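Here is a short report on salt bridges and one helix packing. Have the coordinates open as you read.

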Amino acid sequence: MFWRGLFCLSLAALSARAETGEEFFEKKIRPVLAEKCYGCHGAKVKSPMGGLRLDTAAALRKGGDSGPAVAPGDPAKSPLMEAIRYTSLRLKMPPAGKLPDEQIADFERWIRMGAPDPRKEEQAPPAARKKTIDWEQARKYWTFQPVRKPAVPTVQDASWLRTPVDAFVLAKLEERHLNPAPPADKRSWIRRVTFDLIGLPPTPGEVAAYLNDNSAEAGRRVVDRLLSSPRYGERWARHWLDLMRFAETNGHEFDNDKLDAWRYRDYVIRAFNQDVPYNQFVREHVAGDLLPDKRRSPDGAYWESPLASGMLWLWEVLNSATDSVKSRADTVDNQLDVLGKAFLGLTVACARCHDHKFDPIPTADYYSLAGIMHGTEIREAVIDSPERAREIASLHQRIKDVNEQIRALLPQPPAAKTPALKPRPGDILFEDFEGTGYAGWTATGEAFGSAPSHAAAPNQPLNNYRGEGMANSFGGTDRLVGSLTSKTFKMPKLWVHVRMAGVKPPKALKENQLLRLTIVADGHKSEHIIPSGKPGFEWRSSRMTKEIGRQCYFEIVDRSRNGHIVIDKIVISGNEKPPGEEAVEAGPARLEDLASSLPAAAQAKIAALEQQRARLEEQIPESAFAMISRDDSPRNVRLHIRGNHQNLGEEEPRQFPRIIAGDHQPPIENGSGRLELAGWMASERNPLTARVMVNRIWKHHFGSGIVRTVDNFGKMGEAPSHPELLDWLANRFVASGWSVKQMHRLMVLSSTYRMSSRETAEAAQTDPRNALLHHMPVRRLENGHRINAKSTDKPIAGLLKDLKSRGLLDQTLVVWGGEFGRTPCAQFPDGGAVSNIGRDHNPFGFTMWMAGGGIKGGRVYGATDEYGYFAVENKVHVHDLHATMLHLLGFDHTRLTFRYSGRDMRLTDVAGNVVKDLLT
């Protein structure tokens with residue numbers, strides 16, 4: 001069991017993976033210059049306006065008649081910013097209309113970066129000239145070469161070798177006449193490996209046991225113990241979640257919760273702890289919902305593999321996009337950027353607007369991949385295993401049989417005609433559930449069944465039911481749960497009217513309502529319509545914030561084991577008033593209410609059947625919900641010329657990048673193509689997937705990767721320092737069954753990993769960057785910003801010991817540089833002020849949270865109110881709690897402030913008595 005608040009991840013971690021300046025220019029700046037500026041300030045113009053050319057780096061630096069257009073690092077002194085902001089009466093560019101705010105913000109950020117510009121100094125080629133790729137030459141680059149099987153090299157000092165890893169490292173050192181550093185002492189090694197594998201310091205008992213174990217297997221026993229610890233999965237899941245840009249809210253404006261994000265988080269933890277083969281892990285991320293060999297949860301109750309596909313749900317979601325098509329294209333771009341960098345080490349997203357400037361990724365290949373993502377949506381689904389689903393269905397059928405016996409004993413009401421809906425000009429009847437199946441909808445769980453219902457159970461309160469077809473989650477008991485998801489469509493009108501009934505759900509955040517019809521617009525759970533609790537159908541309405549063209553779908557959700565929801569009709573209209581209908585006479589709330597008029601013997605039979613039904617209801621096990629991927633309207637997409645969704649080129653077939661999979665790929669004819677994409681990404685023939693992952697593992701153990709640019713194996717990245725070692729590790733990775741734990745053992749049991757941090761003057765002169773690993777690099781613990789790790793060990797150990805001795809924590813995980821819920825950003829008084837508030841957006845904010853399992857004394861620090869400000873059980877202020885932890889750790893926090901409710905709160909204002917109140 002994992003405790004609430006286990007991972008309070010910071011955007012600082014994501015910031016570490018942000019685009020390089022040159023990548024940012026290629027993705028955000030160059031396309032705007034090409035589309036908006038080159039017409040007047042480019043190579044085709046004989047006399048550029050104002051003497052200013054913007055199509056080369058040199059011309060941009062030189063500027064025009066008024067001097068340089070850009071002052072690198074200072075947007076306020078850059079005339080270009082003045083022009084595009086439209087703040088000058090004399091200069092407004094582009095003259096056809098002001099750029100969108102987000103593009104202006106991109107230019108400001110670019111200039112703050114120093115205005116990096118990778119364009120060559122010579123004149124830029126005309127826009128119409130199409131770049132061609134020499135595929136034969138491109139495939140000669142090391143990245144795209146098949147993984148080789150190098151022999152383990154022979155070295156002079158064979159006595160130093162513990163694992164084959166050492167031979168590759170020592171061979172490079174001997175080539176440069178360098179010696180490896182002497183080994184670290186045993187105490188240093190166990191601290192190093194324990195922090196690396198589980199993120200916690202070793203206990204005094206663990207240190208003593210290792211120091212007293214002089215056998216040859218002592219180190220292996222330590223590593224095996226750490227790899228079998230639940231803390232291992234928690235530690236390494238954190239690294240992975242950073243890559244996947246994990247967050248539990250949408251990160252935009254209102255910052256709504258991401259429903260079930262914790263399910264994905266816990267999936268990753270379990271996958272690392274279970275050592276799921278990495279190729280399976282990759283396949284599950286891309287197409288876990290589609291795999292024929294899906295894995296089950298450890299208890300067999302629900303599907304495990306589909307949870308990974310929820311990774312595609314983790315993007316920043318706009319509350320109300322102004323352009324639905326662009327918003328969808330931006331979402332796909334985000335997904336491809338993460339997939340490309342995390343799994344392939346390629347900056348695929350750089351090819352959105354033009355052929356990649358440095359790597360053999362044409363724009364056509366980008367839109368081949370984009371087509372796969374455009375045919376993929378997310379859904380709120382029940383993920384019960386087949387065994388659990390059959391158990392629930394069997395109990396449901398027995399309950400229905402009991403209800404039919406009760407119905408047979410009750411007086412039968414006269415047949416009534418379904419009241420006709422009065423059509424109005426312009427109204428669109430989206431759904432009336434009168435068919436024999438859920439055409440156009442996907443059902444999960446048992447609640448809604450496999451088809452609309454045409455009868456109400458005798459125990460269902462529905463006093464104006466007249467035989468309508470309905471999506472009914474009752475089914476004779478409130479214990480059933482499930483969901484119905486429609487296909488995506490363009491919202492044509494302003495108002496959505498729903499004829500519905502059901503139980504009023506408990507008060508909760510709107511996106512967390514247990515019973516609701518949700519309108520998902522542009523990926524955002526935008527509007528929620530819930531039952532009022534009245535015992536019959538009524539019209540309930542919702543107004544869209546933007547009516548025309550939004551990419552929408554409906555979700556009808558029943559997560560409640562104490563309630564139900566019924567949907568009769570969904571009407572989309574330009575009229576704020578719902579459609580009219582014929583009045584009907586209300587009958588009893590439930591048919592079972594008629595039992596009071598029956599003879600005593602019949603009433604006794606009905607009472608006995610009701611008790612039987614209640615016993616069956618108690619046996620219905622709980623179901624699991626998750627946000628997982630689904631295929632929706634699979635199709636190829638057309639290339640967006642210069643990334644502009646309003647300027648379309650040719651349709652591109654869905655396929656894998658040609659530099660890896662070649663030109664003759666079988667066409668994708670069924671589904672989105674994610675299943676085929678997953679197969680390619682996890683294939684042994686793919687030269688990138690294994691290399692990229694072993695390089696990541698190496699980076700976390702040795703401070704930097706064999707390829708230092710772990711997200712970029714392209715030409716703008718760095719070449720591997722030990723190319724033979726990288727390929728040997730990749731081969732070993734695949735041969736071991738893609739076992740991540742085997743890679744850990746191989747690396748941390750090596751002599752290379754055992755080296756001390758001592759550096760000789762000769763080594764520093766020959767290899768100042770320590771690329772050859774002549775000593776272990778000095779690394780800081782992950783303890784936040786601007787804090788020296790050397791001063792943390794004793795305070796941390798002391799705090800853990802103190803908390804445990806007081807009986808407050810059963811187990812502890814320290815998460816450094818993280819954030820808790822919606823903790824406001826930190827603000828530095830030295831000029832690094834941050835104006836925005838929320839869980840996101842600030843790479844410089846420092847907060848610290850210690851998440852504990854089994855917190856005692858009624859304190860549940862991780863459970864906050866709906867605003868994220870207070871812990872719900874004891875009303876301990878979250879910021880006071882942060883201050884307490886910082887205070888106890890002995891950190892210098894006098895310069896930090898939190899901006900909260902419009903004022904600054906200094907952490908040093910927290911007095912000692914507050915600390916005592918919290919921890920005694």
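The model holds 46 salt bridges, each being a side-chain nitrogen of Lys or Arg within 4 Å of a carboxyl oxygen of Asp or Glu. This is a predicted model, where local features need pLDDT of at least 70, side-chain atom pairs count only at pLDDT 80 or more, and totals for chains, interfaces and linings use all residues. Residues are numbered from 1 along each chain as its sequence is written, and side-chain values use heavy atoms, with hydrogens and water left out.

**Salt bridges**

Three pairs are tabulated here, with the distance between their closest N and O atoms.

| Acid | Base | Closest N and O atoms |
|---|---|---|
| Asp224 | Arg745 | 2.8 Å |
| Asp293 | Arg283 | 3.3 Å |
| Glu718 | Arg769 | 2.9 Å |

Arg745 and Asp224 link distant parts of the chain. Arg745 sits in helix 23 and Asp224 in helix 10 (residues 218–227), 521 residues apart. Helices here are DSSP runs of H or I, at least four residues long, numbered from the N terminus. Asp224 has 31% relative accessibility, so it counts as partly exposed. That class lies between buried (under 20% relative accessible area) and exposed (over 50%), using a 1.4 Å probe and protein chains only.

Asp293 pairs with Arg283. Asp293 lies in the loop between helix 13 (278–287) and helix 14 (305–308), and Arg283 lies in helix 13, so the bridge ties together parts ten residues apart in sequence. Asp293 is partly exposed, at 38%.

Glu718 pairs with Arg769. Glu718 is in the loop between helix 21 and helix 22 (723–735), while Arg769 is in the loop between helix 25 (761–766) and helix 26 (793–805). The pair therefore ties together parts 51 residues apart in sequence. Both are partly exposed: Glu718 at 26%, Arg769 at 46%.

Shared partners also build one network from Asp260, Glu380, Arg516, Lys525, Glu555 and Arg559.

**Helix 21 against helix 23**

How do helix 21 and helix 23 pack, and at what angle? Helix 21 (residues 689–702) and helix 23 (residues 740–748) meet at about 45°, with axes 10 Å apart. Axes are lines fitted to C-alpha atoms over the stretch in contact, and angles run from 0 to 180 degrees between N-to-C directions. The two helices are therefore oblique to each other: not under 35 degrees (roughly parallel), over 145 (roughly antiparallel) or 65 to 115 (roughly perpendicular).

The contact, meaning heavy atoms within 4.5 Å, involves Met693, Val694, Ile697, Trp698, His701 and Phe702 of helix 21. Helix 23 contributes Val740, Met743, His744, Met747 and Val748.
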